[in-house]
Amino acid sequence: MSRKISDLLFRSLGTHALKALSVSESELKLIVAPWDNLENEAVAIFENVDIIYIEGDSGKIGMTSYLNLPWDIIRFDSTEKAESIWEFGLCCDEVKLGFRAPMPKISFG
């Protein structure tokens, strides 16, 4: 099985949207779906999360960020850093999120 988070979540179904993001003290939950079928959701629950960064800036001076979901997912990378600990980088239209955690529990709806 592939260990790339994008392969696990996106299932070769094309361009995806981030429909939901929730963060708590030790858990991060993402709900993603292909843009052409937003009902075909994949839910990823990351436990024992260490947030590295959250950036909510368009990067353009004088521009406002559009933070209403869903967001277009530009990239979702994963790199193994230690035994069963991965570093993830999620890049969306207006938000970038970096964190460390074990691979998530994934379910499909």
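**Notebook: salt bridges, sheet and core**

I started with K105, which counts as exposed at 54% relative accessibility. The cut-off for exposed is over 50%, so K105 passes it. I note here that the model is predicted.

**Entry 1: the K105 partner**

Which residue forms a salt bridge with K105? I found E47, with the closest N and O atoms 3.2 Å apart. E47 sits in strand β3, residues 42–47, and K105 sits in strand β8, residues 105–108, so this salt bridge ties together parts of the chain that are 58 residues apart in sequence. I then checked how open E47 is. Its relative accessible area is 34%, and E47 is partly exposed. K105, at 54%, is exposed.

**Entry 2: the salt bridges around R100**

How many salt bridges does the structure hold? I got 5. After E47 and K105, I turned to R100.

D50 forms a salt bridge with R100, and the closest N and O atoms are 3.8 Å apart. A salt bridge requires a distance within 4 Å, so this pair qualifies. D50 is in strand β4, residues 50–55, while R100 is in strand β7, residues 96–101. The two residues are 50 residues apart, and the pair links distant parts of the chain. I looked up accessibility for both. D50 counts as partly exposed at 42%. R100 is also partly exposed, with a relative accessible area of 32%.

E87 forms a salt bridge with R100 as well, the closest N and O atoms being 3.1 Å apart. E87 lies in strand β6, residues 85–92, and R100 in β7, so this pair ties together parts that are 13 residues apart in sequence. At 25% relative accessibility, E87 counts as partly exposed. Buried would need a value under 20%, so E87 is not counted as buried. I drew D50, E87 and R100 as one network, joined by salt bridges that share partners.

**Entry 3: strand order**

Next I worked out where these strands sit. What is the order of the strands in the sheet? I wrote down β4-β7-β6-β5-β1-β2-β3-β8, an open sheet of 8 strands with antiparallel pairing. The edge strands are β4 and β8, each of which pairs on one side only. From one strand to the next, the twist averages 20°.

D50 is in edge strand β4. K105 is in the other edge strand, β8.

**Entry 4: pairings, strand by strand**

I began with β1, residues 16–23. It pairs with β2 in the antiparallel sense over 7 bridges. The two strands form a hairpin with 3 residues between them. A17 has A33 as its bridge partner in β2. On the β5 side, the bridge partner of A17 is D72. I counted 2 bridges joining β1 to β5, which run antiparallel.

Then I took β2, residues 27–34, and β3. They pair in the antiparallel sense over 6 bridges. K29 stands opposite I45 in β3. E27 stands opposite E47 in β3, and E47 is the salt-bridge partner of K105 from my earlier entry. Is β2 mostly covered or mostly uncovered? Mostly covered: 6 of its 8 residues are buried.

I finished with β5 and β6, which pair in the antiparallel sense over 8 bridges. They form a hairpin with 2 residues between them. S84 in the turn has a positive phi of about 65°. T79 has E87 as its bridge partner in β6. E87 also belongs to the network with D50 and R100.

**Entry 5: the nonpolar core**

How many residues are in the largest nonpolar core? I read 24. Those with the most contacts inside it are F46, F76, F88 and F99. I listed the elements that each supply at least two residues of this core: α1 (5–10), β2, β3, β5 (71–82), β6 and β7.

I picked F76 for a closer look, leaving aside its neighbours within four places in sequence. F76 is in contact with I5, S6, L9, F10, L30, F46, F88, G89, L90 and F99. F46, F88 and F99 on that list are also named among the core residues with the most contacts.

How values were computed:
Residues are numbered from 1 along each chain as its sequence is written. This is a predicted model: local features need pLDDT of at least 70, side-chain atom pairs count only at pLDDT 80 or more; totals for chains, interfaces and linings use all residues. Side-chain values use heavy atoms; hydrogens and water are left out. A salt bridge is a side-chain nitrogen of Lys or Arg within 4 Å of a carboxyl oxygen of Asp or Glu. Helices (H or I, at least four residues) and strands (E, at least two) are DSSP runs, numbered from the N terminus. Buried means under 20% relative accessible area, exposed over 50%, partly exposed in between (1.4 Å probe, protein chains only). Two strands pair if DSSP finds at least two bridges between them. Axes are lines fitted to C-alpha atoms, for helices over the stretch in contact, and angles run from 0 to 180 degrees between N-to-C directions. A nonpolar core is a set of buried Ala, Val, Leu, Ile, Met, Phe, Trp, Tyr and Cys residues joined through side-chain atoms within 4.5 Å. Contact means heavy atoms within 4.5 Å.
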